[in-house]
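Take a moment with the sequence and the fold before reading on. The walk-through starts with the overall layout and then moves to single elements.

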Amino acid sequence: TAVAHAAVRSALREIRDARSAGGGTWDGGDVTVVTGRGLRSAGRLQPVLRPEVQRMLTEEFYPPLSTVSVPGNTGAVVVPAGDVGRWLAFSDRQRRGRVLGPG
């Protein structure tokens, strides 16, 4: 699960950094995170990554990033565009505060 954590964080950081630089890999839409269905999990079809990624997104990001199930696809979750936008805006404010320092 450490690799999954790193991959999700890296992808979101890439979206944030590209957007800050004026470019962008994020089109303003939902972000889909592919976790797999858990076919190779110890309890076949009892996924380990999906619940762990969902927990990480809601507990380790601020503002929390909610997830929505993809109908007919148990191997992916969607982070709604609104949540991604709020996280990016908060992240931008935090970064500007560090750059500018106390007033």
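What follows goes from the whole chain to its helices, strands, pocket and one unusual peptide bond.

This is a predicted model. The protein chain holds 3 helices and 3 strands. Along the sequence they follow the pattern α-β-α-β-β-α. Of the 103 residues in the protein chain, 30% are buried. Contacts reach far along the sequence: among those between residues at least 6 apart, 58% join residues at least 24 apart.

Start with helix 1, residues 2-20. Its 19 residues should span 27 Å at 1.5 Å a residue, and the end C-alpha atoms are 27 Å apart, so the expected and modelled spans agree. Buried positions in helix 1 are Ala4, His5, Val8, Leu12, Ile15, Arg16 and Ala18. An α-helix has 3.6 residues a turn, so residues three or four places apart point the same way. Read the buried list of helix 1 with that in mind: Ala4, Val8, Leu12, Ile15 and Ala18 are among its members. The list also includes His5 and Arg16.

Next comes strand 1, residues 31-34. In a regular strand the side chains alternate between the two faces of the sheet. Strand 1 shows a covered face with Val31 and Val33. Thr32 and Val34 make up the uncovered face. Strand 1 is joined by 4 bridges to strand 3, residues 73-79, and the two run antiparallel. Within that pairing, Val34 has Ala76 of strand 3 as its bridge partner.

Now look for open space. The largest pocket encloses about 210 Å³. It is lined by 15 residues, and Ala7, Val8, Ala11, Val33 and Val34 are the closest to its centre. Helix 1, strand 1 and helix 2 each give two or more residues to this lining. Helix 1 gives the most, with 5 residues. What classes of residue line the largest pocket? The lining has 12 nonpolar and 3 polar residues, and no charged ones. Two names return here from earlier. Val8 is buried in helix 1, and Val33 sits on the covered face of strand 1.

Finish with the backbone. Where does Pro63 lie? Pro63 is in the loop between helix 2 (49-59) and strand 2 (68-70). Most peptide bonds are trans. The one from Tyr62 to Pro63 is cis, with omega near -10 degrees.

Conventions: Residues numbered from 1 in each chain as written. Predicted model: local features only at pLDDT ≥ 70, side-chain atom pairs only at ≥ 80, totals over all residues. Heavy atoms only, no water. 1 Å grid on protein atoms, 1.4 Å probe; cavity = no way out; pocket = protein on both sides within 12 Å on 5 of 7 lines; lining within 4 Å. Points joined across faces, edges and corners; volume = space filled by probe spheres on them. Nonpolar A, V, L, I, M, F, W, Y, C, P; charged D, E, K, R; others polar. Expected span 1.5 Å × (residues − 1). Buried < 20%, exposed > 50% of the residue type's maximum accessible area, 1.4 Å probe, protein only. Pairing = 2+ DSSP bridges. Contact = heavy atoms within 4.5 Å.
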